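Biologist: I would like to walk through a protein model with you, one question at a time. Could you show me the structure before we start?

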Amino acid sequence: MENTRVFGYVRVSTTGQVKEGFSLEQQKEEIVAFCKENGYELVKMYEDAGISGAKVDEDDMSIDRPGLQDMLADLNEEIKYIVVLTTSRLWRADMVKAIIQRDLRKVGADVRAVDRPNCSIYERDPTSVLINGMMELLDLYERLEIAKRLRRGRRAKAAKGGYAGGNAPIGYRRKRHTRKLMIDPEKVDVVKHVFRLKKKHRRMTLDEIATSLHKAGYTTITGRKYHRAQVKRILDNRDFYTGKYVYDGVSGVDGQHEIIEGIGELM
(Lines give C-alpha, C1' and ligand atoms only; values in the text may rest on other atoms or scores of the structure.)
Protein backbone atom coordinates (compact mmCIF):
# COMPACT_ATOMS: atom_id res chain seq x y z
CA MET A 1 0.00 0.00 0.00
CA GLU A 2 1.33 3.43 -1.02
CA ASN A 3 2.28 5.75 1.83
CA THR A 4 0.25 8.85 2.60
CA ARG A 5 2.25 11.76 1.17
CA VAL A 6 2.41 14.91 3.29
CA PHE A 7 4.13 18.29 3.58
CA GLY A 8 5.51 19.60 6.87
CA TYR A 9 5.42 23.27 7.88
CA VAL A 10 7.24 25.05 10.71
CA ARG A 11 7.35 28.68 11.73
CA VAL A 12 8.77 30.90 14.47
CA SER A 13 8.17 34.64 14.69
CA THR A 14 9.89 35.63 17.95
CA THR A 15 12.80 34.62 20.14
CA GLY A 16 10.22 34.05 22.86
CA GLN A 17 8.76 31.16 20.90
CA VAL A 18 12.18 29.56 20.74
CA LYS A 19 12.53 29.81 24.53
CA GLU A 20 9.06 28.31 24.99
CA GLY A 21 9.93 25.20 22.99
CA PHE A 22 8.74 26.30 19.55
CA SER A 23 12.12 26.50 17.77
CA LEU A 24 12.22 25.40 14.13
CA GLU A 25 14.32 22.34 14.93
CA GLN A 26 12.04 21.26 17.77
CA GLN A 27 8.99 21.62 15.53
CA LYS A 28 10.71 19.61 12.79
CA GLU A 29 11.61 16.81 15.20
CA GLU A 30 8.01 16.59 16.42
CA ILE A 31 6.68 16.53 12.87
CA VAL A 32 9.16 13.89 11.68
CA ALA A 33 8.31 11.67 14.66
CA PHE A 34 4.57 12.16 14.09
CA CYS A 35 4.91 11.19 10.42
CA LYS A 36 6.88 8.03 11.26
CA GLU A 37 4.33 7.04 13.89
CA ASN A 38 1.45 7.42 11.44
CA GLY A 39 3.19 5.98 8.39
CA TYR A 40 3.22 9.27 6.47
CA GLU A 41 5.73 9.95 3.72
CA LEU A 42 7.14 13.41 4.49
CA VAL A 43 7.77 14.77 1.00
CA LYS A 44 9.13 18.18 1.99
CA MET A 45 9.45 20.49 4.99
CA TYR A 46 8.69 24.20 4.53
CA GLU A 47 9.62 26.92 6.99
CA ASP A 48 9.25 30.60 7.83
CA ALA A 49 11.50 32.23 10.41
CA GLY A 50 11.30 35.70 11.94
CA ILE A 51 7.88 36.39 10.45
CA SER A 52 5.34 37.55 12.98
CA GLY A 53 1.85 36.45 12.07
CA ALA A 54 0.97 36.92 8.42
CA LYS A 55 0.13 40.05 6.50
CA VAL A 56 -2.77 39.46 4.12
CA ASP A 57 -3.24 41.16 0.77
CA GLU A 58 -7.02 41.29 0.50
CA ASP A 59 -6.92 42.26 -3.19
CA ASP A 60 -5.45 38.98 -4.42
CA MET A 61 -6.12 36.98 -1.23
CA SER A 62 -2.46 36.08 -0.58
CA ILE A 63 -0.37 35.75 2.59
CA ASP A 64 3.02 37.34 3.07
CA ARG A 65 4.98 34.27 4.22
CA PRO A 66 7.47 33.01 1.59
CA GLY A 67 7.67 29.47 2.97
CA LEU A 68 3.90 29.17 3.24
CA GLN A 69 3.43 30.63 -0.24
CA ASP A 70 5.87 28.08 -1.69
CA MET A 71 4.09 25.24 0.08
CA LEU A 72 0.63 26.28 -1.12
CA ALA A 73 1.98 26.69 -4.65
CA ASP A 74 3.43 23.14 -4.54
CA LEU A 75 0.20 21.55 -3.29
CA ASN A 76 -1.30 18.90 -5.53
CA GLU A 77 -3.79 16.02 -5.36
CA GLU A 78 -1.04 13.62 -4.20
CA ILE A 79 -0.49 15.53 -0.95
CA LYS A 80 -2.96 14.35 1.67
CA TYR A 81 -2.01 16.48 4.70
CA ILE A 82 -0.09 19.51 5.87
CA VAL A 83 1.53 18.44 9.15
CA VAL A 84 2.21 21.13 11.79
CA LEU A 85 3.03 21.14 15.48
CA THR A 86 -0.10 23.19 16.16
CA THR A 87 -2.57 25.00 13.92
CA SER A 88 -1.33 28.34 15.31
CA ARG A 89 1.82 27.78 13.20
CA LEU A 90 -0.42 27.95 10.12
CA TRP A 91 -3.03 30.53 11.06
CA ARG A 92 -4.14 32.83 13.83
CA ALA A 93 -6.40 35.35 12.12
CA ASP A 94 -9.68 34.26 10.52
CA MET A 95 -8.68 35.78 7.16
CA VAL A 96 -5.44 33.77 7.08
CA LYS A 97 -7.32 30.63 8.08
CA ALA A 98 -9.87 31.13 5.30
CA ILE A 99 -7.20 31.62 2.62
CA ILE A 100 -5.18 28.56 3.66
CA GLN A 101 -8.24 26.34 3.92
CA ARG A 102 -9.44 27.57 0.51
CA ASP A 103 -6.18 26.38 -1.11
CA LEU A 104 -6.24 23.08 0.78
CA ARG A 105 -9.80 22.32 -0.33
CA LYS A 106 -8.88 22.92 -3.97
CA VAL A 107 -6.74 19.76 -3.95
CA GLY A 108 -8.60 17.85 -1.25
CA ALA A 109 -5.80 18.21 1.32
CA ASP A 110 -6.27 18.54 5.08
CA VAL A 111 -4.32 19.61 8.18
CA ARG A 112 -2.82 17.30 10.78
CA ALA A 113 -1.64 18.98 14.00
CA VAL A 114 0.67 17.03 16.33
CA ASP A 115 -1.06 18.48 19.39
CA ARG A 116 -4.54 17.71 18.00
CA PRO A 117 -4.23 14.83 15.51
CA ASN A 118 -7.99 14.51 15.01
CA CYS A 119 -8.42 18.12 13.94
CA SER A 120 -9.78 18.46 10.38
CA ILE A 121 -10.88 21.39 8.21
CA TYR A 122 -13.65 19.12 6.91
CA GLU A 123 -15.01 18.31 10.39
CA ARG A 124 -18.80 18.46 10.58
CA ASP A 125 -19.44 16.89 13.98
CA PRO A 126 -20.78 19.71 16.22
CA THR A 127 -18.85 18.56 19.31
CA SER A 128 -15.53 18.35 17.47
CA VAL A 129 -16.06 21.73 15.85
CA LEU A 130 -16.85 23.24 19.27
CA ILE A 131 -13.76 21.73 20.93
CA ASN A 132 -11.42 22.82 18.13
CA GLY A 133 -12.94 26.30 18.18
CA MET A 134 -12.48 26.58 21.95
CA MET A 135 -8.84 25.50 21.69
CA GLU A 136 -8.17 28.21 19.10
CA LEU A 137 -9.96 30.80 21.26
CA LEU A 138 -7.86 29.85 24.29
CA ASP A 139 -4.71 30.20 22.18
CA LEU A 140 -5.89 33.62 21.02
CA TYR A 141 -6.66 34.72 24.60
CA GLU A 142 -3.21 33.70 25.81
CA ARG A 143 -1.49 35.57 22.98
CA LEU A 144 -3.54 38.73 23.59
CA GLU A 145 -2.67 38.69 27.29
CA ILE A 146 1.04 38.38 26.52
CA ALA A 147 0.83 41.17 23.93
CA LYS A 148 -0.99 43.42 26.39
CA ARG A 149 1.78 43.07 28.97
CA LEU A 150 4.51 43.80 26.43
CA ARG A 151 2.88 46.70 24.58
CA ARG A 152 3.22 49.32 27.30
CA GLY A 153 7.01 49.03 27.58
CA ARG A 154 7.48 48.86 23.84
CA ARG A 155 5.38 51.95 23.19
CA ALA A 156 7.40 53.87 25.80
CA LYS A 157 10.60 52.90 24.02
CA ALA A 158 9.14 53.75 20.61
CA ALA A 159 8.15 57.20 21.84
CA LYS A 160 11.88 57.91 22.24
CA GLY A 161 12.66 56.62 18.75
CA GLY A 162 14.11 53.30 19.88
CA TYR A 163 13.51 49.97 18.18
CA ALA A 164 10.55 48.39 19.98
CA GLY A 165 10.57 44.99 18.37
CA GLY A 166 8.83 43.37 15.42
CA ASN A 167 10.29 42.69 12.02
CA ALA A 168 13.13 45.02 11.05
CA PRO A 169 12.32 46.89 7.82
CA ILE A 170 14.02 45.45 4.76
CA GLY A 171 17.40 47.14 4.48
CA TYR A 172 18.02 46.90 8.23
CA ARG A 173 18.83 44.16 10.70
CA ARG A 174 18.94 43.97 14.44
CA LYS A 175 22.38 44.26 15.96
CA ARG A 176 23.26 40.99 17.63
CA HIS A 177 22.37 40.72 21.33
CA THR A 178 20.82 44.21 21.29
CA ARG A 179 17.57 45.95 20.47
CA LYS A 180 19.27 48.38 18.07
CA LEU A 181 18.82 48.44 14.32
CA MET A 182 21.69 48.79 11.90
CA ILE A 183 21.80 49.05 8.11
CA ASP A 184 22.05 45.69 6.37
CA PRO A 185 24.67 46.21 3.62
CA GLU A 186 23.37 43.16 1.73
CA LYS A 187 19.80 44.47 1.48
CA VAL A 188 20.13 48.25 1.37
CA ASP A 189 20.48 48.18 -2.44
CA VAL A 190 17.12 46.41 -2.64
CA VAL A 191 15.45 49.36 -0.93
CA LYS A 192 17.19 51.85 -3.22
CA HIS A 193 16.26 49.80 -6.29
CA VAL A 194 12.57 49.82 -5.34
CA PHE A 195 12.39 53.57 -4.69
CA ARG A 196 14.47 54.34 -7.78
CA LEU A 197 12.04 52.41 -9.97
CA LYS A 198 8.97 53.90 -8.32
CA LYS A 199 10.29 57.43 -8.77
CA LYS A 200 11.11 56.85 -12.43
CA HIS A 201 7.96 54.85 -13.24
CA ARG A 202 5.12 56.07 -11.03
CA ARG A 203 2.61 53.66 -12.54
CA MET A 204 4.82 50.61 -12.15
CA THR A 205 2.95 47.89 -10.25
CA LEU A 206 4.18 45.99 -7.22
CA ASP A 207 4.41 42.80 -9.27
CA GLU A 208 6.49 44.56 -11.94
CA ILE A 209 8.89 45.90 -9.31
CA ALA A 210 9.20 42.43 -7.75
CA THR A 211 9.99 41.02 -11.21
CA SER A 212 12.63 43.71 -11.70
CA LEU A 213 14.27 42.74 -8.39
CA HIS A 214 14.41 39.13 -9.54
CA LYS A 215 15.93 40.06 -12.90
CA ALA A 216 18.53 42.22 -11.14
CA GLY A 217 19.56 39.20 -9.06
CA TYR A 218 18.18 40.32 -5.71
CA THR A 219 16.83 37.66 -3.35
CA THR A 220 15.37 37.61 0.15
CA ILE A 221 17.36 36.61 3.22
CA THR A 222 16.24 33.00 2.58
CA GLY A 223 17.31 33.13 -1.07
CA ARG A 224 13.81 33.39 -2.52
CA LYS A 225 12.31 35.82 -5.00
CA TYR A 226 10.74 38.99 -3.65
CA HIS A 227 6.94 39.06 -3.67
CA ARG A 228 4.67 42.05 -4.21
CA ALA A 229 3.83 42.15 -0.49
CA GLN A 230 7.49 42.66 0.37
CA VAL A 231 7.78 45.44 -2.21
CA LYS A 232 4.73 47.11 -0.68
CA ARG A 233 6.31 46.82 2.77
CA ILE A 234 9.38 48.69 1.53
CA LEU A 235 7.27 51.48 0.03
CA ASP A 236 5.11 51.69 3.17
CA ASN A 237 8.26 52.23 5.27
CA ARG A 238 9.09 55.46 3.43
CA ASP A 239 9.03 57.50 6.66
CA PHE A 240 11.28 55.02 8.47
CA TYR A 241 13.91 55.15 5.75
CA THR A 242 14.00 58.94 6.04
CA GLY A 243 14.59 58.85 9.80
CA LYS A 244 11.17 58.63 11.44
CA TYR A 245 10.03 55.81 13.69
CA VAL A 246 6.50 54.41 13.67
CA TYR A 247 5.19 51.76 16.05
CA ASP A 248 1.75 50.91 17.41
CA GLY A 249 0.27 54.41 17.21
CA VAL A 250 3.57 56.18 17.96
CA SER A 251 4.56 58.09 14.82
CA GLY A 252 6.55 61.05 13.58
CA VAL A 253 9.25 60.47 16.19
CA ASP A 254 12.90 60.95 15.23
CA GLY A 255 14.31 57.44 15.21
CA GLN A 256 17.58 56.32 16.73
CA HIS A 257 18.40 54.27 13.62
CA GLU A 258 20.84 55.35 10.92
CA ILE A 259 19.31 56.83 7.75
CA ILE A 260 20.12 55.10 4.47
CA GLU A 261 22.49 57.41 2.61
CA GLY A 262 20.89 59.12 -0.41
CA ILE A 263 17.47 57.53 0.10
CA GLY A 264 15.67 60.88 0.24
CA GLU A 265 16.80 61.72 -3.30
CA LEU A 266 15.09 58.58 -4.60
CA MET A 267 11.66 59.42 -3.19
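**A walk through the model**

Modeller: Let's begin with H257, which sits in the segment after β10 (250-254). Please keep in mind that this is a predicted model.

Biologist: Thanks! Is H257 buried or exposed?

Modeller: Buried means under 20% relative accessible area. The relative accessible area of H257 is 9%, so H257 is buried.

Biologist: Which residues is H257 in contact with, leaving aside its neighbours within four places in sequence?

Modeller: Sequence distance and distance in space are separate things here. For example, H257 and K180 are 77 residues apart in sequence, yet 7.4 Å apart in space, C-alpha to C-alpha. With the neighbours within four places set aside, the contacts of H257 are Y172, L181, F240, G243, K244 and Y245.

Biologist: Let's turn to helix α2. What is its reach from the first C-alpha to the last?

Modeller: Helix α2 covers residues 24-38, which makes 15 residues. At 1.5 Å a residue, a span of 21 Å is expected, and the model comes close to that: the reach is 21 Å. After α2 comes G39, with a positive phi near 75 degrees.

Biologist: Which residues of α2 are buried, and why do they line one face of the helix?

Modeller: Looking down the axis of α2, the buried residues fall within an arc of 130 degrees, so they line one face. The other side of α2 has E29, K36 and E37, which are exposed. The buried residues are L24, Q27, K28, I31, F34 and C35.

Biologist: K28 is among those buried residues. Which side chain meets the side chain of K28 in a salt bridge?

Modeller: Side chains of opposite charge can pair when their charged atoms come close. In this pair, the N to O distance is 3.6 Å. K28 counts as buried at 18% relative accessibility, while its partner counts as partly exposed at 49%. The two are 3 residues apart in helix α2, separated by about one helical turn, and the partner of K28 is E25.

Biologist: Now for helix α4 (residues 94-107). Which residue forms a salt bridge with D103?

Modeller: The closest N and O atoms of this pair are 3.9 Å apart. The two residues are 3 apart in α4, or about one helical turn. D103 is buried at 15% relative accessible area, whereas its partner is exposed at 60%. That partner is K106.

Biologist: Let's look at strand β6 (residues 110-113). Which residues point the other way from D110 and R112?

Modeller: In a regular strand the side chains alternate between the two faces of the sheet. In β6, D110 and R112 point one way, and these two also form a salt bridge, with the closest N and O atoms 3.8 Å apart. Both D110 and R112 are buried. The residues pointing the other way, also buried, are V111 and A113.

Biologist: Which residue in β6 is the bridge partner of Y81?

Modeller: Strand β5 (residues 79-84) and β6 run parallel, and 4 bridges join them. In β6, the bridge partner of Y81 is D110.

Biologist: One last question: how many salt bridges does a search of the whole structure find?

Modeller: We have met several pairs along the way, including E25 with K28. There is also a network of salt bridges that links R5, E41 and E78. For the whole structure, the search finds 10.

Note on methods
Residues numbered from 1 in each chain as written. Predicted model: local features only at pLDDT ≥ 70, side-chain atom pairs only at ≥ 80, totals over all residues. Heavy atoms only, no water. Buried < 20%, exposed > 50% of the residue type's maximum accessible area, 1.4 Å probe, protein only. Pairing = 2+ DSSP bridges. Expected span 1.5 Å × (residues − 1). Arc of directions from axis to C-beta. Contact = heavy atoms within 4.5 Å. Salt bridge = Lys/Arg side-chain N within 4 Å of Asp/Glu carboxyl O.
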